[in-house]
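Open the model in a viewer and keep a selection prompt ready. The stops below go from one selection to the next, with a note on what is there.

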Amino acid sequence: MARWDEILSLPVQNPPTLEFSAFDLIWSKIEGHRDNMDRLALVPFARVDDFVRGESNNKDCPTRFHVEARRRRPPKMPYKPKVDGILEYILYWCSFGPDDHRKGGVVRPSRSTYIPKKKSAGRPNTKRGCTCHFIVKRLIAEPSVALIIYNQDKHVDKKGLPCHGPQDKKSVGTRAMYAPFISEDLRLRVLSLLHVGIPVETIMQRHNESVEKQGGVCNRDDLLTHRYVRIQERNIRRSNFELDEDDDVSIGLWVERNQSHVFFYEDYSDNDPFCLGIQTEWQLQQMIRFGNGRLLGFDSSFGVNKLKCPIQSLVVFNSENKAIPVAWIITPVFSRSIDIHKWMRALFNRVRTKDPTWKLAGFIIDDPLFDILTIREVFQCSVLISFWRVRHAWHKNLMKRCLDMETRAKLSKTLGQIVKEMCSGCGNVESFDNFMEDFKECRDFMDYFKATWCPRMGPCINALKTLPVSSQETSSALEFHHNQLKIRLLNEPDPFIYKRVDWLLDKLATKIQAYFWLDEYEGKDDFSRYWKDEWTSGLTAWRKSREIPDTDVLTEGQTVKVVDQKDREITHVVWNPGSEFGICSCGWGQKGNLCEHVFKVVWYFREKGSGSPSVSLLQFNRGLIDMLKCPPANSFIRDHAVSLAVWVNEQLRGQFGKSGRGEMVNSFTRMEVDS
């Protein structure tokens, strides 16, 4: 078999990890130049950077690879689809070579102008003649595949001796014992702390304290220098989002400079509007980590009234069920309902390229008008709906347009009952007509309701009847993320800046990511003295409600009072106790938000056995009943389905804790199944 036939017949390997090394690949020996046997493998071209990072994080010999040479065919240059034709050639070399700046070392003639400095600065001892290198070729025959040729895989010099790392005895006590650069995690930490305003001296002080606490230097990160942090701080201070006076030109320049952050870009044209999808490398890692086999949430609208191009956010939920943004889609208002298939497919392909086994369990939408068919086609998962945005709009306008608190409570309670009827499949549009007739004396609110919601009533009813409703904890996490984004983004002193999209792109990819990265940083409490409103994240309303003791809940007639946890002399009154559409007198609830006092009262009443089950639980029970009402012909399959349903019930009981256990058991045992 010919050489290229052998190469193209090799399998394309795609390890299901964020990064991988030569150890994770199966290498083939194929005859190469001058009868030498090349050691090579095929991987997706989009994963070359993951291979480079994996090879750099070698435990036995930590290093970093740099591009020593690159040849790229111009995109407009005509070419024939030859089997051995190359679109791109990249030579990666260990950063401790190929030149040798040690005493008696050999420096290439092109580098003969190098003059050893009396004072070492920057990256001392980095050029030690290491011969480790590999070649990446992108073939015309298979543009999506990278051919890696890795013949020199040992970190040795031309004499065959270790020249850096723990195996090199001469590197002990020098920086050549460790990798030549700091890790990506430490780089993100430094940049994030600088972006939120932490002084350079404080960052270095905390870093040196942690090194002393662990007993001295153990890796390259421990050798972080004041000079490096100062340079990063200077770069941030001198950076400017306005790359051109024309905003559209500036956007194009930003996209060109930040290709690694862009997963989809479509400029204005005769057929398509502007659309830009942003996802940093850290966001991609979080999407793979917390999205695989779990839920992905969608915040469909942010900044409609202020920003030139509003933001749509995709979020995942971490181990504490807090929302982490993993992608931002920026489009003009008029194009939000246009084809979303392009950017959604591009995002899905990017994730699956990194992890071929990645698969969603469910996609949560907050807008009934969203394209559900596209989600099911692209992500191949179930679609849920979160009612937090609709509830927020209703309650916010109730507080604004209705002055009497008892009337607000009646309106909210009636709306909650209608929503529950819709979710159970027995409600219709007449329920809303009756609602508007019964409360026609509340003219201001009814005018708003008719103008805003009546035109959208059909899709809303259809979504509530056909889609599962996400839990209140998920709704609380989505609302909390939305408010965090509002505090962190819309805090500029100059309101005219919101009309520039290049400012928005720059701030999302720098400061906003920095805040959300620090939310996940375990050592963030060390910098608490510098926290501002934009940094403090805290707990969601759902999590806060779990910390309120039952003794702080006081029942008084038709209302319930909850003692404030910060100032115990203050109590908050909750109307419609036990209902998810309860109204609270606290400042947060007055703005239409989900508050911890309403959640606490809901839990309190359900623990007492007097609260109604949640909409999510009702839909779960209805699904079990429908399944058991239609038994399959094979009794074994029926028994397996029942055992599976019981297992799901046990998982939910374990997740919701004591109060959830009571709710689940009571409602589950009350189900009646027709035989």
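A polar contact here is a pair of N or O atoms within 3.5 Å, where, inside protein, one atom must be able to donate a hydrogen and the other to accept it. Keep that cut-off for the first stop, and keep in mind that the model is predicted.

**Stop 1: the start of α6**

Select D246 and D248. A side-chain oxygen of D246 comes to within 3.0 Å of the backbone nitrogen of D248, at the start of α6.

Now extend the selection to the whole helix, residues 247–257. Which residues of α6 are buried? They are D247, S250, I251, W254 and V255. Around the axis they cover an arc of only 135°, which puts them on the same side of α6. The spacing follows a general rule: an α-helix has 3.6 residues a turn, so residues three or four places apart point the same way. Turn to the other side of α6 to find E256 and R257, which are exposed.

Show the surroundings next. The packing partners of the buried α6 residues are β7 (262–266), β8 (275–278) and α16 (501–519).

**Stop 2: D502 in α16**

Go to D502, which is in helix α16. Is D502 buried or exposed? With a relative accessibility of 0%, D502 counts as buried, since the limit for buried is under 20%. Its side chain makes a polar contact of 2.7 Å with the side chain of R500. Leaving out residues up to four places away in sequence, D502 touches F241, E242, L243, D244, D247, S250 and I251. Among these, D247, S250 and I251 were met in the first stop as buried residues of α6.

**Stop 3: strand β10 and its partners**

Select residues 311–317, which form β10. Seven of the seven residues of β10 are buried, so this strand is largely enclosed by the rest of the structure. I311, S313, V315 and F317 point one way, Q312, L314 and V316 point the other way, and all are buried.

Add β9 (residues 295–302), which pairs with β10 in the antiparallel sense over five bridges. To see one of them, pick D299, whose bridge partner in β10 is S313.

Then add β11 (323–330). β10 and β11 run antiparallel and are joined by seven bridges; F317 has A323 in β11 as its bridge partner. The two strands form a hairpin with five residues between them. Centre on N321 in the turn: phi is positive there, about 60°, although N321 is not a glycine.

**Stop 4: L314 and the nonpolar cores**

Stay with β10 and pick L314. Beyond its neighbours within four places in sequence, L314 is in contact with L296, G297, F298, I324, P325, V326, A327, I329, W343, L347 and F363. The largest nonpolar core has 113 residues, and those that touch the most other members are L314, W343, F363, F379, W394, F435 and F449. Helix α16 gives the largest share of this core, twelve residues. For a second, separate core of 38 residues, select V43, F134, V136 and I149, which are among its members.

**Stop 5: helix α13**

Select residues 443–452 for α13, in which F445, M446, Y448 and F449 are the buried residues. Look down the axis of α13: its buried residues fall within an arc of 160°, so they line one face of the helix. R443 and A451, on the other side, are exposed. The buried residues of α13 pack against α10 (388–401), α11 (405–423), α12 (429–438) and α14 (457–466).

**Stop 6: backbone details in two loops**

Select G97 and P98. A cis peptide bond joins them, with omega at about 0°. P98 sits in the loop between β4 (86–94) and β5 (133–139).

Last, move to N576, in the loop between β16 (571–575) and β17 (583–584). Its phi is positive, near 55°, in a residue other than glycine. N576 counts as buried because its relative accessibility is 12%.

**Zooming out**

Display the whole protein. It has 21 helices and 17 strands, and 51% of its 675 residues are buried. Of the contacts with a separation of 6 or more, 67% are between residues 24 or more positions apart. The protein exposes about 34400 Å², of which carbon and sulfur atoms supply 51%.

Note on methods: Residues are numbered from 1 along each chain as its sequence is written. This is a predicted model: local features need pLDDT of at least 70, side-chain atom pairs count only at pLDDT 80 or more; totals for chains, interfaces and linings use all residues. Side-chain values use heavy atoms; hydrogens and water are left out. Buried means under 20% relative accessible area, exposed over 50%, partly exposed in between (1.4 Å probe, protein chains only). Helices (H or I, at least four residues) and strands (E, at least two) are DSSP runs, numbered from the N terminus. The arc is that of the directions from the helix axis to the C-beta atoms. Contact means heavy atoms within 4.5 Å. Two strands pair if DSSP finds at least two bridges between them. A nonpolar core is a set of buried Ala, Val, Leu, Ile, Met, Phe, Trp, Tyr and Cys residues joined through side-chain atoms within 4.5 Å. Accessible areas come from the Shrake-Rupley method with a 1.4 Å probe; for residues, only the protein chains shown count as cover.
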